[in-house]
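Got the model open in your viewer? Here is a short tour, stop by stop, with what to select at each one.

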Amino acid sequence: MALILGIETSCDETSASVVENGNFVLSNIVYSQITKHSEFGGVVPELAAREHLQSIEVVVQEALSQASVSIFDIDAIAVTNGPGLVPALLIGLNFARALSFSYKLPLIPVNHFTAHIYGAFLPDKMNFLKKNSNFPMLALVVSGGHTVLLLIDKSKSVRIIGQTLDDAAGEAFDKGAKILGLGYPGGPAIEKAAKYGNPSKFIFPRALTGASGRAVDEEDRFNFSFSGLKTAILNHSRKNHHIMYDTNFIADTAASYQEAIVDVLIRKTLDAAKFYSVSTLILSGGVACNSRLRDKFIALKQQGYNIIIAEREFCTDNAAMIAGEAYHLLKNYTASYDFDIFARLPENKLKISFI
Ligand code: KG4
Ligand code: ZN
């Protein structure tokens with residue numbers, strides 16, 4: 001048995017979690033700093049770091065107490081290594097390193113991005129990864145920083161087959177909401193405003209899908225581009241500035257804008273799923289909280305795919321996904337881990353260690 005304490009501070013959530021054997025989430029405490037950043041319309045890295053510093057001790061204590069364990073029961077500390085905001089990451093890394101030093105516990109750095117994929121298998125879907133017939137899998141990871149399609153083959157090696165060439169889907173939500181005056185974070189705000197809107201009222205661009213009549217280069221077949229959407233919604237708002245106060249207009253705009261993003265994500269996923277003959281489709285990352293995206297993703301089940309969607313608690317940033325993935329890294333633990341806080345998404349070779 002392994003009890004791992006996970007710590008996550010890559011952006012604006014201070015989170016700590018205790019996970020048993022990579023699967024059983026005994027606690028998952030998330031302190032969100034959203035209210036502190038919303039007046040700035042986005043996350044301010046130094047402010048995030050200061051907030052992490054203020055709250056990390058209490059958050060870790062709460063994670064241990066909710067799991068009914070003490071630090072002496074913990075077998076290893078897992079911490080987000082990157083990618084993320086460097087000042088914010090350093091708070092978690094330092095705190096984790098001090099804990100590991102004081103209690104002589106292994107310290108396992110975890111890649112935030114691969115942990116998002118792992119989040120889809122929490123709290124108890126780990127066995128799914130043991131069945132060969134569930135492979136190959138295709139994972140769509142959509143967050144504020146990433147929009148990536150990954151292929152996980154039978155040998156569990158992972159390859160990026162598509163990613164955004166500019167903005168991530170979460171950024172598109174955040175920027176669109178800002179232009180509509182809906183506040184930060186934009187994803188939940190657009191979703192709420194879109195609830196009573198007509199998704200077909202306005203047509204927003206679906207870049208790199210061929211929808212505009214322009215052929216897509218083969219190399220961009222599974223890539224995304226969302227930066228044009230921002231210009232489109234900006235022009236749309238300027239053109240209609242005289243009715244920007246109208247709730248129906250905002251609802252229709254939000255619904256149509258959300259539809260454009262979701263439509264592209266679903267189309268590309270389905271195209272890649274067919275092309276690579278996958279059995280299973282995985283959805284994770286903060287944008288996977290979006291109900292319209294979840295509904296359309298679930299509907300792909302009718303085409304014969306196994307569908308795994310991260311529970312909302314494990315979509316947005318959380319330490320359970322960090323502690324969960326660390327369990328699989330623990331077996332190869334070496335004290336000389338590379339703490340590369342500038343970790344970027346590896347170009348082609350992405351190692352995911354599922355037992
Ligand atoms: O995974 P995450 O918490 O942080 C990163 O690693 O980036 O994702 C945050 C992103 C934000 O852009 C936020 O607007 C988006 O996820 N998001 C949503 C929803 N909830 C969060 N986007 C669309 N609909 C939502 N309900
Ligand atoms: Zn994230």
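Start by selecting Lys192: with a relative accessibility of 67%, Lys192 counts as exposed (buried means under 20% relative accessible area, exposed over 50%, and partly exposed in between, using a 1.4 Å probe and protein chains only). Lys192 sits in helix α6; helices here are DSSP runs of H or I with at least four residues, strands are runs of E with at least two, and both are numbered from the N terminus. Now add Leu182 to the selection: Lys192 and Leu182 are ten residues apart in sequence, and their C-alpha atoms are 9.6 Å apart in space.

A word on what you're looking at: this is a predicted model, where local features need pLDDT of at least 70 and side-chain atom pairs count only at pLDDT 80 or more, while totals for chains, interfaces and linings use all residues. Residues are numbered from 1 along each chain as its sequence is written, chains are lettered from A and ligands numbered from 1 in the order in which they are written, and side-chain values use heavy atoms, with hydrogens and water left out.

**Along the loop between α6 and α7**

Next, pick Asn198, which is in the loop between α6 and α7. Asn198 counts as partly exposed, at 34% relative accessibility. Show Ala254 as well: the C-alpha atoms of the two are separated by 8.7 Å, with their positions 56 residues apart along the chain.

Stay in that loop and go to Leu208. Check its backbone: phi of Leu208 is near 60 degrees, a positive value in a residue other than glycine. Leu208 is partly exposed, at 23% relative accessibility.

Then move to Arg221, also placed in the loop between α6 and α7 (227–239). Arg221 is partly exposed, with a relative accessible area of 25%. Draw a distance from Arg221 to Leu89, 132 residues away along the chain, and you get 34 Å between the C-alpha atoms.

**The zinc ion**

Select ligand 2, the zinc ion. Which protein atoms act as its donors? They are His112 (NE2), His116 (NE2) and Asp317 (OD), lying 2.0 to 2.1 Å from the zinc ion. Donors here are N, O and S atoms within 2.8 Å of the metal (3.2 Å for Na, K and Ca), and water is not among the atoms, so sites may look incomplete.

The four donor atoms around the zinc ion subtend angles of 94 to 133 degrees, so the arrangement is tetrahedral. For that label, four donors need all angles between 85 and 135 degrees; four count as square planar and six as octahedral if opposite donors are over 155 degrees apart and all others between 65 and 115, and anything else is irregular.

In sequence, the donor residues follow the spacing H-x3-H-x200-D. Colour by residue number and you'll see distant parts of the chain linked: His116 is in helix α4 (residues 112–119), whereas Asp317, 201 residues away, is in the loop between β10 (306–309) and α10 (320–330). Both His116 and Asp317 are buried.

**The largest pocket**

Now centre on Cys11, Ser143, Gly144, Gly145 and Asp174, which lie nearest the centre of the largest pocket among its 36 lining residues. (On a 1 Å grid over the protein atoms alone, a cavity is a set of points where a 1.4 Å probe fits but cannot get out, and a pocket is an open set with protein on both sides within 12 Å along at least five of seven lines; lining residues have an atom within 4 Å of a point.) About 1000 Å³ of space lies in this pocket, with grid points joined across faces, edges and corners and the volume being the space filled by probe spheres set on the points.

Colour by domain: domain 1 (3–118 + 314–332) and domain 2 (131–310) both give residues to the lining, so the largest pocket lies between them. Those bounds come from an automatic or database domain assignment. Which element supplies the largest share of the lining? It is α5, with six residues.

**Two cis bonds to finish**

Select Leu122 and Pro123: the peptide bond joining them is cis, with omega about 5 degrees. Pro123 is in the loop between α4 and β6 (137–142). Finish at Phe135 and Pro136, where the peptide bond is cis too, with omega near -5 degrees; Pro136 is also found in the loop between α4 and β6.
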